[in-house]
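Please look over the sequence and the model below, and then work through the questions that follow, each of which is answered in a few sentences.

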Amino acid sequence: MLSRRHWLKSFGLSALLGSTLSGFAEPTVAPLNSLNPDDPDFWKKVRDQFSLDRDKVFFNPGTVGAMPKVVVDKMTEHLKYIASGVADWAYKDDNKEEYISGYNNLMSIRKKVGQLINADALEIAMTDNVTNGMSYIANGITLQPGDEILTTDQEHGGGQSSWKLKEKRFGAVFKTVAIGKPITNTAEVYDKILKAITPKTKVLMLSHMISGSGAILPVKELCAEAKKRGIFTVLDGAQTIGQIKVDVKDIGCDAYVGCFHKWMGAPAGTGFMFVKNEYLKNLWTSVSSYRWDDHADEGFRFTQRGTGNFPILKGLNAALDFHFELGPDRVYDRIKFLGNRLRTGLRALPKVKVFSPPEESMCAGITVYNIDGWTGTKLQDNYWEKAKMRPRSQGDVYGVRHCTHIFNSEEEIDKAISLVKEWSK
Ligand SMILES: Cc1ncc(COP(=O)(O)O)c(C=O)c1O
């Protein structure tokens, strides 16, 4: 059996062994590695790693996630360290670079991100969020008037707007294809997108997972078709990182942007962009500093973007470690297990319409649904007023987006289903 000291160390909590950082309740959990993942207590003990209030239920990591305690502790620790010790900083001393981000290459974090998405760290740049990453790509790529950018009709503003700007400013053509909500099935959405490609299509930009329905698009197959036609492919992974497995080599996309502040439990303001070297080396920087034209480390050209916030990167680092320690596949399976439990319960209710795809292989932890005749605000507010549960409204038609994560329990899902059952009678 592993010792408590070993367990804490494995969770990156070793610094706390001898310290009493305020606000940190020491976990009363058994060693993680000694638990059987099928044991219901395993997830209860994982839940103990989060500070989330016990009298409320959080179902909205699709907007901004919940940080494990260790993430908050690592950030706070570093914030205090730089507040008190900034005079120690010799500035030129490379060993003391961790006061400001935005000038250093952040290689250790980029390597962890590379491990997460199966990419070379040199092809990864750290960004603040998805919107920045997508904007760097759209602004940095050269398109001619008439060149087409193809995407779906269900993209988030942070993913599509930089391409609309490209249309207005440079005369490229921004085209969307209606994919339906709910999406009928994988084959149909694949056909719809494929048929919308024309000889003028130069960019295919797609959400890997549609935020307004949770649908996982057949990106691997579509990227393969785009590649045959010489089309640059870029995926918006705002909703996938930390929720489902992402392997950019397997997908075969040319670029992928993501963030860690939703499903990965990292602090807000943490993201990345991956671009294959053959494209990255020719991509213009939008925000430029000393390294803007130094191609020795392409990812660094984009990572270097002026003074930033190092403590949040400490938090990100801890969030990545937490994810790897728990085991990515275990996390993804749990998220999907809970999502599936929710969808199964809701689909049995006659007056409930589910807008997530009927094909379970296209779903994971996001479920979008409404009760006949209700608005999203009504459903969201009822959840809060009656049960202190927090899914998020999706507007008048689509009801709520209800996300399930590792800090949720089967009981919480079952309670949500029984509430909807009662309300929809
Ligand atoms: C699909 C999608 N793209 C982009 C974004 C914007 O992400 P960020 O706020 O990290 O820029 C979101 C946010 O919800 C999203 O769901």
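Q: Which residue is the bridge partner of Val203 in E6?
A: In this predicted model, strand E6 covers residues 232-237 and runs parallel to E5, to which five bridges join it. For Val203, the bridge partner within E6 is Phe232.

Q: Which residue in E5 is the bridge partner of Ile149?
A: Strand E3, made up of residues 148-152, pairs with E5 in the parallel sense, and three bridges connect the two. Within E5, the bridge partner of Ile149 is Val203.

Q: Why is strand E5 described as largely enclosed by the rest of the structure?
A: A residue is called buried when its relative accessible area is under 20%. Strand E5 spans residues 201-207, and it is largely enclosed because, of its seven residues, the number that are buried is six.

Q: Which helix makes a right-handed β-α-β unit with E5 and E6?
A: E5 and E6 run parallel. The right-handed β-α-β unit that includes both strands is made with the helix of residues 219-228, which is H8.

Q: Which three residues supply 30% of the area that domain 1 buries against domain 2?
A: The protein chain is divided into domain 1 (94-318) and domain 2 (330-423), and their contact takes 21 residues from domain 1 and 23 residues from domain 2. Between them the two domains bury about 1700 Å², with 59% of it on carbon and sulfur atoms. On the side of domain 1, the three residues that supply 30% of its buried area, more than any other three, are Lys181, Pro182 and Trp263.

Note on methods: Residues numbered from 1 in each chain as written. Predicted model: local features only at pLDDT ≥ 70, side-chain atom pairs only at ≥ 80, totals over all residues. Heavy atoms only, no water. Buried < 20%, exposed > 50% of the residue type's maximum accessible area, 1.4 Å probe, protein only. Helix = DSSP H or I, 4+ residues; strand = E, 2+ residues; numbered from the N terminus. Pairing = 2+ DSSP bridges. Right-handed = clockwise from strand over helix to strand, strands pointing away. Domains from an automatic or database assignment. Contact = heavy atoms within 4.5 Å. Buried area = accessible area lost by both parts, 1.4 Å probe.
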